[in-house]
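Welcome, and please load the model in your viewer. We will walk through it one selection at a time.

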Amino acid sequence: MSTVILTGLPVPGSPLTDGLRSLGFDVRPAAGPEETAAVLAGVPADQRVAVVDSAFVGHVHALRLALTDPRFDACAVTGAFAVQPAARAALDKAAVLPVEGDGPYADRLAAAVEAAGTTVQHPELGTLVATVPTTDAERAAADAAVAAVDDEAVRLRTAVKSRDGFFTTFFISPYSRYIARWCARRGLTPNQVTTASLITALIAAGCAATGERGGYIAAGVLLLVSFVLDCTDGQLARYSLQYSTMGAWLDATFDRAKEYSFYAGLALGAARNGDDVWALALGAMILMTCRHVVDFAFNEANHDATANTSPTAALSDKLDSVGWTVWVRRMIILPIGERWAMIAVLTAATTPRIVFYALLIGCAFGALYTTAGRVLRSLTRRARRTDRAARALADLADSGPVAELAGRVVGRMAPGAGIAAAVIGSVALLWTAWAYAFGARQVIVAAAFYAVLAGAAVARPLKGALDWLVPPVFRAAEYTTVLILAAKADVPGALPAAFGLVAAVAYHHYDTVYRIRGGSGAPPRWLVWTIGGHDGRVLLTAVLAAVLATRAADFPVALTALAVFVALVVLVESIRFWVSSGAPAVHDEGEPA
């Protein structure tokens, strides 16, 4: 049970106490600051505790935002201030000291806590009301302002993400928010809805794997249902403020698990009809993952960069001022809503091969569009990137022991190699893998050359204008090398095994991204070294191909074993981290109130 201390003399007829109790608080009165400190001393230190002025007038949802959001250690609106156990010591200290200044006691406490070094979150209320009137006239005006705004309508609107794609905004969110409210009123959690979305997508993949027209139609319908649930879980989290570390982990990983499982289902269904599209499925997964890494790396590189302006950015802002261009630009990059809708419709109406052709063409265009724009921004701005950004890019690079050793030696001779070394090594590797026969020793030499240049690329801080491209270049090199070698093996099961291996490694890379975005840093070095880093895995795959050149039928077994090993190590550590370590939740905000 959370506790709220209601300070000051009670106001006759005020609904405040009932509103606080509806939010799950045990309400305790306190006449003044001295009594507040005494009541606070009796509240267990492991509980959330809030201080609210008894004269507070406002919407219940304004109190909900200030007092119940689990993401922030301390949060306040006018007349209401709450802390979680992590900030309790700061509140205790402020409560026993004379708090100077005018205004509500809760506001003065919040200011004292913030002045002492604890960050206090102030949620954006928009049209919601939160005030402490001092006269009857002010109270009447505040009551009228509360009555003029529908608290529940605001709560529903703010459950929707502030920036979303055209399909999601106009075809999903208008009704999915009501599904979210229905779930909240029945005690369902976002994690349960997320799990239901995953299960629905897996059933859809199973239907696609039948290879029958009825199965394809069912798969398309179920994929759309899964996407509706995928939107609902986030809206439910924002509607009811049910954020959690487990929810962050599920939300960060299940989207990719659903989409890539569906790719596998389509490939299995096509195989039942004699059409081998595993290379296309793997190509789609590679393209999608590399595109996401481009997004993540660019954002991390420029998260706290200074002088962050360019003519390209100015043009983008100008285009955003014209309403219809915003939606066109969001649609052409094929975000998840448009992408899943396209996959669902084409699955129901066409064949898996056509689905993958459309997916590859659409995603390639979107990737080229966004990457070209970001390259132009990087080249036309004079930004100084921080050590934190350089560290994030180095962590995203996923360098293993071979690259690190090479970086210590070669990096001294090639300072600032950055993106040039990454591109040269990757191009040489991919050309060799493509040009020579399966198992050729030249591929091992190229893989070793790649590992050396990979080390040189990250030997110095990645602060160059285009150094944010280093991680996606490495992802493309590793994943595509696996695809090429599996295709050249030309034996049953090689491409499905390669699909599994890339999926396991991609999970590791997504996990790294979301840890960094949550402010928790990259996975531990022992994990990266255990699974070899991108350089070690490339070298090992090339060696396996050479060793098994005369027994190519065993190559799928080797890839499968490697995939299982990587998946087990990464999943165990990932689950331990997200469930047990108190990692921060990572969620997108809804619309401003």
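Before selecting anything, consider the contacts across the whole chain: among those with a separation of 6 or more, 79% join residues 24 or more positions apart. Keep in mind as you look around that this is a predicted model.

Stay zoomed out for a moment. Along the principal axes, the C-alpha atoms fill a box of roughly 90 × 60 × 45 Å. The radius of gyration is 27 Å, which agrees with the value near 25 Å for a compact globule of 593 residues. Switch to a surface view: about 24900 Å² is exposed, and 64% of that comes from carbon and sulfur atoms. Of the 593 residues, 54% count as buried.

Now go to cartoon view, where the secondary structure comes to 25 helices and seven strands.

**First stop: the sheet.** Select the five strands that form an open sheet and follow them in the order β2-β1-β3-β6-β5; their pairing is mixed. Which strands stand at the edges? They are β2 (25-30) and β5 (74-77), and each has a single partner strand, so one side of each is left without a neighbour in the sheet. Turn the view to see the twist: on average, neighbouring strands are turned by 15° against each other, direction ignored.

Next, colour residues 2-7, which make up β1. Strand β1 pairs with β2 in the parallel sense, over six bridges. To find one of the bridge partners, click on T3 and look across to D26 in β2.

**Second stop: a helix on the sheet.** Select residues 33-41, helix α2, which packs on the sheet. Helix α2 touches β1, β2 and β3 (49-53), and its direction makes about 145° with that of β2.

**Third stop: a covered helix.** Move on to residues 60-67, helix α3. How many of its eight residues are buried? The count is seven, so to speak of α3 as mostly covered is fair. To show the buried residues, pick H61, A62, L63, R64, L65, A66 and L67.

**Last stop: two cysteines.** Show C75, which is buried with a relative accessible area of 3%. Then jump to C207, also buried, with a relative accessible area of 18%; the cut-off for buried is under 20%. If you are looking for disulfides, the count comes to zero, taking a pair of cysteine sulfur atoms within 2.5 Å as the criterion.

Key
Residues numbered from 1 in each chain as written. Predicted model: local features only at pLDDT ≥ 70, side-chain atom pairs only at ≥ 80, totals over all residues. Heavy atoms only, no water. Pairing = 2+ DSSP bridges. Helix = DSSP H or I, 4+ residues; strand = E, 2+ residues; numbered from the N terminus. Axes fitted to C-alpha atoms, helices over the stretch in contact; angles between N-to-C directions. Contact = heavy atoms within 4.5 Å. Buried < 20%, exposed > 50% of the residue type's maximum accessible area, 1.4 Å probe, protein only. Rg over C-alpha atoms; globule rule 2.2 N^0.38 Å. Areas by Shrake-Rupley, 256 points an atom, 1.4 Å probe, with all protein chains shown as cover.
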